[in-house]
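Welcome! Here is a short, friendly briefing to help you find your way around a new structure. Please take a look at the view below, and then we will walk through it topic by topic.

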Amino acid sequence: QSKLPRLPLPSLDDSLERYLAAVQPIVPAEQYERTKLLVHDELQAGSELRRLHASLEVEDAMCSEPSFVANAWDAMYLEGRWPLPINTNPGVFFSDLSFSKQATTQVQRAARVIAASVAVVQKVETGELSPQLLLGTIPIDMRQYLKA
């Protein structure tokens, strides 16, 4: 780990260019053009985003961790007292076995994940969610789900 290079803080210009590249295929042309104008405004000297990025650069310069996100990452996972899977999970992996043969595209799979999440939330809200069992026999306190 100590031999790995430190993760650099990306430039604001690069980050916003990458943002535009990611947004373009998923929004209508008119909305993309408005987004480009907003990005152009934020790239100007003295913009709010430039000010925030400068603050991040100061924080990055003072950070002794291998990445500018390390402290925030630890705070997100270790300091919060909220249910992790609902509030702080940055990514989830599902194998092909997790889905039926009808859910073959990314959109179909995303729809099924959302529908399943909504079903769990509804069970939590109505008190119908059965307690999870530790070792198959010991019920676990499920009250943390109500904090989501």
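Is Arg-51 buried, partly exposed or exposed? Arg-51 counts as partly exposed, because its relative accessible area is 45%, and the range for that label lies between 20% and 50%. Please keep in mind that this is a predicted model. The protein has six helices and two strands, and the notes below begin with that overall plan before turning to single helices and residues.

**The overall plan**

- Following the chain along its sequence, you meet the pattern α-α-α-α-α-α-β-β.
- The protein has 148 residues, of which 16% are buried.
- Among contacts with a separation of 6 or more, 38% are between residues 24 or more positions apart.

**The largest nonpolar core**

- Eight residues form the largest nonpolar core: Leu-12, Leu-16, Leu-20, Val-23, Val-27, Tyr-32, Val-39 and Leu-43.
- Two elements, helix H1 (12–23) and helix H2 (29–42), each give two or more residues to this core.
- H1 gives the most to the core, with four residues.
- As general background, nonpolar side chains tend to be buried together in soluble globular proteins.
- Leu-16 is one of the core residues. Apart from neighbours within four places in sequence, Leu-16 is in contact with Val-39, Glu-42, Leu-43 and Leu-49.

**How H1 and H2 sit together**

- In general, two packed helices are described by the angle between their axes and the distance between the axes.
- Here the axes of H1 and H2 come within 11 Å and cross at roughly 175 degrees.
- H1 and H2 are therefore roughly antiparallel to each other, since angles over 145 degrees get that description.
- On the H1 side, the contact is made by Leu-12, Leu-16, Tyr-19, Leu-20 and Val-23.
- On the H2 side, Tyr-32, Thr-35, Lys-36, Val-39 and Glu-42 take part.
- Sorted by character, the residues of this contact are seven nonpolar, one polar and two charged.

**Salt bridges**

- How many salt bridges does the structure hold? There are four, and three of them are described here, including one that joins two helices.
- The side chains of Arg-50 and Asp-13 meet in a salt bridge, at 3.2 Å from N to O.
- Arg-50 lies in helix H3 and Asp-13 in helix H1, so this pair ties together parts that are 37 residues apart in sequence.
- Arg-50 is partly exposed, with a relative accessible area of 26%, and Asp-13 is also partly exposed, at 36%.
- Another salt bridge brings together the side chains of Glu-30 and Arg-34, at 3.1 Å from N to O.
- Glu-30 and Arg-34 are four residues apart in helix H2, so about one helical turn separates them.
- Glu-30 is exposed, with a relative accessible area of 61%, whereas Arg-34 is partly exposed at 46%.
- Glu-48 forms a salt bridge with Arg-51, and the closest N and O atoms of this pair are 2.5 Å apart.
- Glu-48 and Arg-51 are three residues apart in helix H3, so they too are separated by about one helical turn.
- Glu-48 is partly exposed, with a relative accessible area of 44%.

**Two buried residues in helix H3**

- His-53 lies in helix H3, which covers residues 48–62.
- Why does His-53 count as buried? Its relative accessible area is 13%, and buried means under 20%.
- Leaving aside neighbours within four places in sequence, His-53 is in contact with Leu-9, Pro-10, Ser-11 and Leu-12.
- One of these partners, Ser-11, is 42 residues from His-53 in sequence, while their C-alpha atoms are 8.4 Å apart in space.
- Asp-60 also has its place in helix H3.
- With a relative accessible area of 15%, Asp-60 is buried.
- Which residues is Asp-60 in contact with, leaving aside its neighbours within four places in sequence? They are Arg-6, Leu-9 and Phe-68.

Definitions and conventions: Residues numbered from 1 in each chain as written. Predicted model: local features only at pLDDT ≥ 70, side-chain atom pairs only at ≥ 80, totals over all residues. Heavy atoms only, no water. Buried < 20%, exposed > 50% of the residue type's maximum accessible area, 1.4 Å probe, protein only. Contact = heavy atoms within 4.5 Å. Core = buried A, V, L, I, M, F, W, Y, C linked by side-chain atoms within 4.5 Å. Axes fitted to C-alpha atoms, helices over the stretch in contact; angles between N-to-C directions. Parallel < 35°, antiparallel > 145°, perpendicular 65-115°, else oblique. Nonpolar A, V, L, I, M, F, W, Y, C, P; charged D, E, K, R; others polar.
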